[in-house]
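Here are some exercises to work through at your own pace. Try each task before you read its solution.

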Amino acid sequence: MAGVLSSSVLSVLEKSQILLVGAGGIGCEVLKCLVQSGFKNIEVIDMDTIDVSNLNRQFLFRKEHVGKPKSEVAKDSILQHYPDVFIKAHFRSIIDSDLGVSWFKQFALVINALDNVAARVHVNRMCLAAEIPLLESGTHGYEGQAELIIKGLTKCYECEPKEKPRTFPSCTIRNTPSEPIHCIVWSKNLFNQLFGEEDQLGEDSVSPDTADPEASGGAANAALATNAGDGLITRKSTREWAKECNYDPPKLFHKFFHEDIQYLLSLHDLWNKRKPPKPLKFEDVSALDEQVTSNENDICLKDQRLWSLRENVDVFCESLKKLREKFISVQDTEKFLIWDKDDKNAMDFVTSCSNIRSFIFDIARKSRYDIKSMAGNIIPAIATANAMVASLVVFQAVNVLSGNVKACRTVYVRREPNHKGEILAPERDLLPPKPTCFICSSNPEVTLSVDVKKLTLKQFDEDVLKKSLNVIEPEVTLSETSKIILTSEDEYEDEYLNRPLSEFGVKEGTLVYVDDFLQTCKFYIKITERNVEGEREASLFEVIRHADIKATQDKDPKEAATNGHADGELNEDDDVVMVENGDDNDLQTCRKRKSEVIDGVPDKKVKIL
Amino acid sequence: MSVDQNCITEEEAELYDRQIRLWGANVQRSLRNLKVLVIGLNGVAAEVCKNLILSGVHSVTMMDNGNVSKEDLTSQYLLYPESIGQNRAQASLKAAQVLNPNVKVSADTSSPLDKPISYYSNFDVLCVTKQLPAVVVCLNDICKLYSIKFFSGDSFGMFGYLFEDLPDQKSENNELCSSFSSALNHQWTPKTSLKKRKLEDPSYLVFKILTDFRSSNCRDPSRSFEENDKRVLSDLRNSVLKSFNVEDDILPEEYLENVFGEYGPTCSVIGGMIAQLVVKSLSTDSSTSYNLHLFNHLRCQLTGMNFILSSQSKDIIPPPVEGSVVELEE
């Protein structure tokens, strides 16, 4: 297309093969800007399908496209306006053994328009390995940013610590909730216990936790002895028990909101300093019914009204009935349900369960609207911020490919102008790589603080390596002995995987070498021991990135000054932060590690917004 | 209108969920009553229309009396290859309407100058693009008359600007009012702090050169007349530097290299920011500190400035054309 760019730049753009990862809010806008700038060869990959709530900003999609693959519809919509470009659409995840480093190498440039950390981290590593420039982008409400990542020249996506998802100790969720979010997490766990994928269930995350250190005194043992009937036997088979009683709402209600609560009450030590819960009987609900006053201003949105106890119980029964029917109908196919905030019954179930449990524990109840935000970790998103970020991405794409890398800067879209009046605020310079980064530095190392007598090899593989460090196909070697303890190709017996790390010789000071075949990413894990015996809220491990240590120990003044201060002065207004266009998957559950997080769904796929 | 009728429906709550969670149900209700007129259906206007239609305003009227050229297609998403030769507003109608069937979208093929002044009182928001600066000033004045929210913006190739004038600004302080003509006719004196700023960012000079180009040539710089236009731009650059009494190296030549036609990504920035300011103007706590935003395309920096027309000059700046210009908030 003629018009703006010089013909020499245009001829480069026409020849360049671009990979766009994500056809959501930012992706749609990037695709349009790329084509309008003169790019002709674009591959777009997205594993997501279109939802109604996308339509307020993902302008390439319309109501009749709901349920269809984003990448394919985006391609078709663009081609109607610009028929002479070549777009290849992939309806699949970018995290895929088939899409290795050599596949990435075919592109001149990769653009991330993603909504979750796991996929961003993966593409970051693939581009570093393939030595392909990566443009990374994200928005959060009114704010956003676009940045260039080139190996050796700039920071990589993992040079800066990411905000960790909020996690909650299992005991808090199962025994002593004190905030609405605890009840919401519990309710999502209950959904999975009743309807989720059985292989992924792991240990019970709903019933009272008898291993609670605070309840381990005489009282708990006494309670165990007297209450073994419903306390221990049913917790092993919540699903089977629910099936046997045909998901009868009053029966389930009785177990979860009366029996289990009675059992918790019998763990007297728990209630020495806490307000004890009140077990609730199904038949008593009508008598307890009350009027709930709601915020009149926003009464317009039905979901923003608080429900009375009676309404919650009615919704509980109704949604349970519907979910049961749906669960039975999928027995010949998927065999399980996936919790989805946009599924009416699943959302109704979590709202009502959460509010009933909140009633029992005397915690503030929430509207369905608010619970949806928390349970689904909804990030607000608007067309305008996405359009501006996408445009900044494409400005940089043109710079990179026309040999003008030096002109590229991380640019922030701000909600309000900074002290210099900038709404779009660029950094002063390209930001150099961090020497402490465990991915892109020459000394790649992280520290793992871990209870080596408790954490099993399986937990190490799934929770530490895959969920926390985002590796895909790891081979794990103990440096001292060169003993390989885990590879991604071999199948292992449970007996082997369930052994704690200490049995493999892992101890204080051990260096564990991790090599990921797909990402061709290699780093060391330095072990320091922790002991969680008797600690109620401690998790079995914590990954400590060396960049994290540095960030908390000394706040680098140079870094604070780099955000567009030509005059070098510091100004507190200028605290633009990296924002993520996060989603549900940012909050993955770490079920095995005595800790529950918001999104408890066993979600194998990585969604792209 | 009764409260019930004005309630957000289930369908709307679902469709607009991600933005209601950001700006709240009240702003969404105000949006639903908002009548928008967009003049000049080029790239920036198409982005404004797209973003506001997606957000769920009451209506968008697209006004343009020109026809679609091949060049328009590169930056105006609402057009199709077969639109060439058709009226720009008419040709944009189909793609604009499918963005959101809840919004009333219409096309008007007349020129803004053909309309009686009272016509504009039908709208809450006016957004002007691709008009001669004198026309923009005139429309700005009409909006003041009817307390209509006024926006204008353009992409000159990669460079871009947008201007905002909200009626409330005047009522806060009767002496001062924002106007496009004050932004356009700003006088350069060593006393203005703008001089300090321009050492970092020469965007205002680029804005001046390009609006002068449009005023005197009745068109924008184009690759079709590249040789000629480069020469004209170079002359304008010299005269602007001279009139502002600043050194040659303040404005590197490269700032004028990619200012031809309209550029899609710049339209996204300008059109995105205009739409965002429209939404912002609906929230009760909206305050505007800048009325002119300049997009420095070499740095991807969008910087606000404030130009205010004062009846009593408080500064010692020699009065320019109409009224005196003081610059606040620097």
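**Exercise 1.** Decide whether B:R223 is buried or exposed, and find the residue that its side chain meets in a salt bridge.

*Solution.* Start with the cut-off: buried means under 20% relative accessible area. B:R223 has a relative accessible area of 17%, so it counts as buried. Keep in mind that this is a predicted model. Next, look for the partner: the side chain of B:R223 meets that of B:E226 in a salt bridge, at 3.0 Å from N to O. Now check B:E226 in the same way. Its relative accessible area is 23%, so B:E226 is partly exposed. As background, side chains of opposite charge can pair when their charged atoms come close.

**Exercise 2.** Work out which parts of chain B are linked by the salt bridge between B:K130 and B:D220.

*Solution.* First, the distance: the side chains of B:K130 and B:D220 meet at 2.5 Å, N to O. Then place both ends. B:K130 lies in the loop between strand 4 and helix 6 (133-146) of chain B, while B:D220 lies in the loop between helix 10 (203-217) and helix 11 (226-243) of chain B. The two are 90 residues apart, so to speak a link between distant parts of the chain. Last, see how covered each one is. B:K130 has 22% relative accessibility and therefore counts as partly exposed, whereas B:D220, with a relative accessible area of 12%, is buried.

**Exercise 3.** Look at the salt bridges beyond those two: how many does the structure hold over all chains?

*Solution.* The count over all chains is 45 salt bridges. One of them is in chain A, where the side chains of A:K255 and A:D260 meet at 3.1 Å, N to O. Both A:K255 and A:D260 are buried. Salt bridges can also form a network, and A:E29, A:K32, B:E47 and B:K50 are linked in one.

**Exercise 4.** Describe the pairing and the cover of strand 6 (residues 159-165) of chain B.

*Solution.* Go through the partners one by one.

- Strand 5 (residues 149-156) of chain B pairs with strand 6 in the antiparallel sense, over seven bridges. Within this pairing, B:S155 has B:G160 as its bridge partner.
- The two strands form a hairpin with two residues between them, and B:G157 in the turn has a positive phi of about 60 degrees.
- Strand 8 (residues 292-296) of chain B is joined to strand 6 by four bridges, again antiparallel. Here B:F163 stands opposite B:L292.

Now the cover. Seven of the seven residues of strand 6 are buried. One side carries B:F159, B:Y161, B:F163 and B:D165, the other B:G160, B:L162 and B:E164, and both faces are covered.

**Exercise 5.** Check the lengths of helix 7 (residues 180-195) and helix 15 (residues 383-401) of chain A against the expected spans.

*Solution.* Take helix 7 of chain A to begin with. Its 16 residues should span 22 Å at 1.5 Å a residue, and the end C-alpha atoms are 23 Å apart, which agrees. All is covered here too: 16 of the 16 residues are buried, so helix 7 is largely enclosed by the rest of the structure.

Move on to helix 15 of chain A. With 19 residues, it reaches 27 Å from first C-alpha to last, close to the 27 Å expected. Helix 15 is mostly covered, with 19 of its 19 residues buried. After helix 15 comes A:G403, whose phi is positive, near 80 degrees.

**Exercise 6.** Find the surroundings of A:Y369, which sits in helix 14 (residues 368-375) of chain A.

*Solution.* Begin with cover: A:Y369 has 11% relative accessibility, so it counts as buried. Then list its contacts, leaving aside neighbours within four places in sequence. They are A:L301, A:D303 and A:Q304 from chain A, and B:D17, B:I20 and B:R21 from chain B. For A:Q304, compare sequence with space: A:Y369 and A:Q304 are 65 residues apart in sequence, but 5.3 Å apart from C-alpha to C-alpha.

**Exercise 7.** Locate the nonpolar surface patch that includes B:I117.

*Solution.* B:I117, B:L145 and B:Y146 form the patch, with about 290 Å² of accessible area together. B:I117 itself is found in the loop between strand 3 (104-108) and strand 4 (125-128) of chain B. At 44% relative accessibility, B:I117 counts as partly exposed.

Key:
Residues numbered from 1 in each chain as written. Chains lettered and ligands numbered in written order. Predicted model: local features only at pLDDT ≥ 70, side-chain atom pairs only at ≥ 80, totals over all residues. Heavy atoms only, no water. Patch = residues over 30% accessible without salt bridge, like charges linked within 9 Å, V, L, I, M, F, W, Y side chains within 5 Å. Areas by Shrake-Rupley, 256 points an atom, 1.4 Å probe, with all protein chains shown as cover. Salt bridge = Lys/Arg side-chain N within 4 Å of Asp/Glu carboxyl O. Buried < 20%, exposed > 50% of the residue type's maximum accessible area, 1.4 Å probe, protein only. Expected span 1.5 Å × (residues − 1). Contact = heavy atoms within 4.5 Å. Pairing = 2+ DSSP bridges.
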